[in-house]
Amino acid sequence: MKICYKLLLVVSIVTFLFVTGCSNQSSGEGNQNQGGEDSSTLVIAQSADLTTMDPQNSLSTNGERVFRNMFSRLFYWDQNMEIQPDAVAEYEQIDDVTWKFTLKEGITFHNGDPLTAEDVKFSLERVMNDQTLKEFPYFKQLKEVNVLDDLNVEIITDGPMPTLLKVLAKSGSDILPKDYFEEVGLEEFQKNPIGSGPYKYVEWVHDDRVVLEPYKDYFGDAPKWENVEVRSITESSTRVGELLTGGVDIATDIPPNEWERVDGDESVELVTGDTTRVMLLVMRTTEGAVTSDPKVRKAIDLAIDQQAIVDSLLKGTGVPVRSRVPEGVFGSNPDLYDSYVYDVEKAKDLLAEAGYEDGVEIKLTAPKGRYPLDGEVAQLIASMLGKVGITVNLELLESSAFLDVYNSNSNKEMIMIGLADGLFDASYSLVHYTKDRAKGQTDYYNKEVEQLYNDAGRNLDEEERLEQYKRIQEIVAEERPHIFLYQQGMNYGVSEDINFKPRLDAVFLFDDITTK
Amino acid sequence: MRKYLIRRLLQIIPVIFIITFVVFVLVYMAGDPVALMLPEDASEADREALRAALGLNDPFIVQYFRFLLDLGQGNFGTSFRYNQDALPLVLERLPATFELAVASMVVAIMMSIPLGIYSARKRNSFVDLFITGGSVLGKAMPNFWLGIILILLFAVNIQFFPVSGRGSLLHLVLPAITLGTGVAAEMTRLIRSSMLEILGQDYMRTAKSKGVNNGRLIYKHAFRNSLIPVVTIMGLQVSQLVSGALITESVFAWPGLGQLLVQAVNGRDMAVVQASVFVIAILVIVINLLTDIVYRLLDPRINYS
């Protein structure tokens, strides 16, 4: 029995030491948590952690919000979503496929190494050749990167590439330090990533926070924040709790059930920004499907009141659209933005014409919990379609099960999804209406669309290219391989002490965020 | 005893083998991880290329044997999500989860021992009824709900504790209470019933008639003898703590093993799921073994030979 006492004693001592030890060792970190109240520290809370410190293998907004501030690129998107030179001083297009870029002088990486044309070549070649990198698909049209001298680099594209500058401004085009990267390798690089952006890496505690500090020798305007923390708080009510108590300055992805709590508090503000994500119904036009009849597809569109969905469910945080290319993305057709068609009587007539006067059953597959209020929107659509005599057989799936159905094209007549545009160019969005990409999914084919899309992809005349994309969208809006619902908004909770303007790409440039 | 230990340790091998197989099959059947890694509108060709690069196109049996071969060399493979070796990712999370689990256990012990003993002594009184009822409630409360309510009350309304994150001792309090409450409820009920049984034993009456004072009677004679079932349950609760940590860690943004495992399962990240489950399985087995050893220390009559 004595042993038992000793054992208990030992256990309790160890426990005590352990708990106090932990608290001592990390009390320094504890202070940082109050950072949200400190005017020189910016604390951002995201709904998910980064997955990597390799900016070319991330492909997530959560990662991009950090990388954009840590790495430089040849170009970048400014606050007004215009392309601006970043590391580039000047550039010229030599012929249809050859571009020459001159780098700014005196750019250094966070380890002091100068940024040269060799680094640009190394970074771009890495992402255009390594198929395992998630950013790879965007860079396929780059053919060669040639170093002319220390500051001059030449890029040769595979055929004319009107979107080159956009690709050089997007995530994944980050300039990596060649020497350092090759010396330490990817694994080590991820533990201590080095870029040439305004903020440099301090630490990353997985599923907790990424800490950044200003880089004194940054080539652009001096960084404004003394310290930036990007925290990962997956539970939305906790994220809002941190916001309300001043623990964080900006919380992303505020779900609808928290809007009231954020809006009702005086010290914070609910800010809604646009995104490139458009919610839509993918329609199967495959022969034999009920929805292969254009009249049925039109009837479905006419039966859905997009404005009512936005007003009632989304409380105005969306815009009804009739195209996949929203305003702000190159190629957008203003006639099809903030626009919808709704006519219940006509929808009934069309169904009768199509031979379904006694009603018809159609399956709708939709995600639940993938996008804000997605399940509720699908249910509302089902009831709207019910009013014109379409019995919707609704299948609501959890996010990954949903993706399996979508990717395997095993959906029946309709599947609801939200598609974004990572390039801010209609060439990215409209590829869905080409024969190859539509195969198995919508099985849509229109010769004119095919022609216009292929022409536009190689067209260096921006004005003509714009008209080509607008025309494609007109045809698509009429033929409806997709029925568009609304452009999805992004909701942020922002402390009242902070000036913050959301961007279409949902990325933050830390220095565009200021204290009041 | 030594023979017994060796036998128990050898049993670990088939257990681990079965666990890794089951987990492998489950994650494999969950579907294509590539679908979750690329954006919705990636083309089939892009997905195919990534799948081929990651070796996901090979037949099940090839993938499984490759996994076993790697495992034989102590390598769980590379995490799709982090693009790093899986085992270090799991091990770096252990301190955070261990800290939370120990703190929850302390909370559970501090709550359950006094409450359990008290309600056994005042059997059927109003207080006993209250404690027993409370323990049912404690057991029934879902972790995530309790966590959210605690945050709302003690971090947002009364801004005393930090809302989330890991750091100081204050950060530990709310998650530990959240995770420890269910365990405390279970243990309170057990201590109560175990105490009641002991209090009815003949030797208790003998001790009492011999004039042993009340405190000594309860704590030395009754409580110590009631510990055996309690230790069993404490051992079993460790696996409960791990499953509770999955939810509690997400609610409090606690950077532990639970969050890692939840996200690995969501992302079908085979290597990390395997490594996490492996580490957890080893922990549970070791703790069960320790529990058996502690039995013997508590009650020399138990013989393992």
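# Exercises on a two-chain predicted model

Of the 132 residues in the largest nonpolar core, the ones that touch the most other members are A:I44, A:A251, B:A86, B:V90, B:L100, B:V272 and B:A275. A nonpolar core here is a set of buried Ala, Val, Leu, Ile, Met, Phe, Trp, Tyr and Cys residues joined through C-beta atoms within 7 Å; buried means that 20 or more other C-beta atoms lie within 10 Å of a residue's own, with C-beta atoms placed from the backbone.

Before you start: this is a predicted model, in which local features need pLDDT of at least 70 and side-chain atom pairs count only at pLDDT 80 or more, while totals for chains, interfaces and linings use all residues. Residues are numbered from 1 along each chain as its sequence is written, and chains are lettered from A and ligands numbered from 1 in the order in which they are written.

## Exercise 1: the cores

Find which helix gives the most to the largest core, then list the contacts of B:L100.

*Solution.* Start with helix α9 (residues 169-199) of chain B, which gives the most, with eleven residues. Helices (H or I, at least four residues) and strands (E, at least two) are DSSP runs, numbered from the N terminus. Next, leave out residues up to four places away in sequence: B:L100 then touches B:P175, B:A176, B:L179, B:A245, B:W254 and B:G256. Contact means C-beta atoms, placed from the backbone, within 7 Å. Finally, look for a second, separate core: this one has 66 residues, including A:A347, A:L364, A:I417 and A:V476.

## Exercise 2: strand β16 of chain A

Work out which strands pair with β16(A), and in which sense.

*Solution.* Two strands pair if DSSP finds at least two bridges between them. On the antiparallel side of the account, strand β12 (residues 268-283) of chain A is joined to β16(A) by six bridges, and A:M279 has A:G418 as its bridge partner. Strand β14 (residues 360-368) of chain A pairs with β16(A) in the parallel sense, over two bridges. Here A:L364, a member of the second core, stands opposite A:M414.

## Exercise 3: a four-stranded sheet

Give the strand order of the open sheet in chain A, and explain why β4 and β6 each have a side without a neighbour.

*Solution.* The order is β4-β5-β7-β6, with antiparallel pairing. β4 (88-95) and β6 (142-147) of chain A stand at the edges with a single partner strand each, so one side of each has no neighbour in the sheet. Neighbouring strands are turned by 20° against each other on average, direction ignored. Now zoom in on β4(A): six bridges join it to the antiparallel β5 (residues 98-103) of chain A, and A:D95 stands opposite A:T98. To finish, add helix α4 (residues 117-129) of chain A, which lies across β5, β6 and β7 (152-157) and runs at about 160° to β6(A). Such angles run from 0 to 180 degrees between N-to-C directions, with axes fitted to C-alpha atoms, for helices over the stretch in contact.

## Exercise 4: chain B and its partner

Describe the secondary structure of chain B, check the length of its helix α4, and count the residues in the contact with chain A.

*Solution.* Chain B comes to 14 helices and zero strands. Buried residues make up 37% of its 305 residues. For α4 (residues 60-72) of chain B, the expected span is 1.5 Å times one less than its number of residues; its 13 residues should therefore span 18 Å, and the end C-alpha atoms are 18 Å apart, which agrees. Just after this helix, B:G74 takes a positive phi of about 70°. As for the contact, 51 residues come from chain A and 49 residues from chain B. On the chain A side, α1(A) gives the largest share, eight residues.

Conventions: Two residues are in contact if their C-beta atoms, placed from the backbone, lie within 7 Å. A residue is buried if 20 or more other C-beta atoms lie within 10 Å of its own, exposed if 12 or fewer, and partly exposed in between; C-beta atoms are placed from the backbone.
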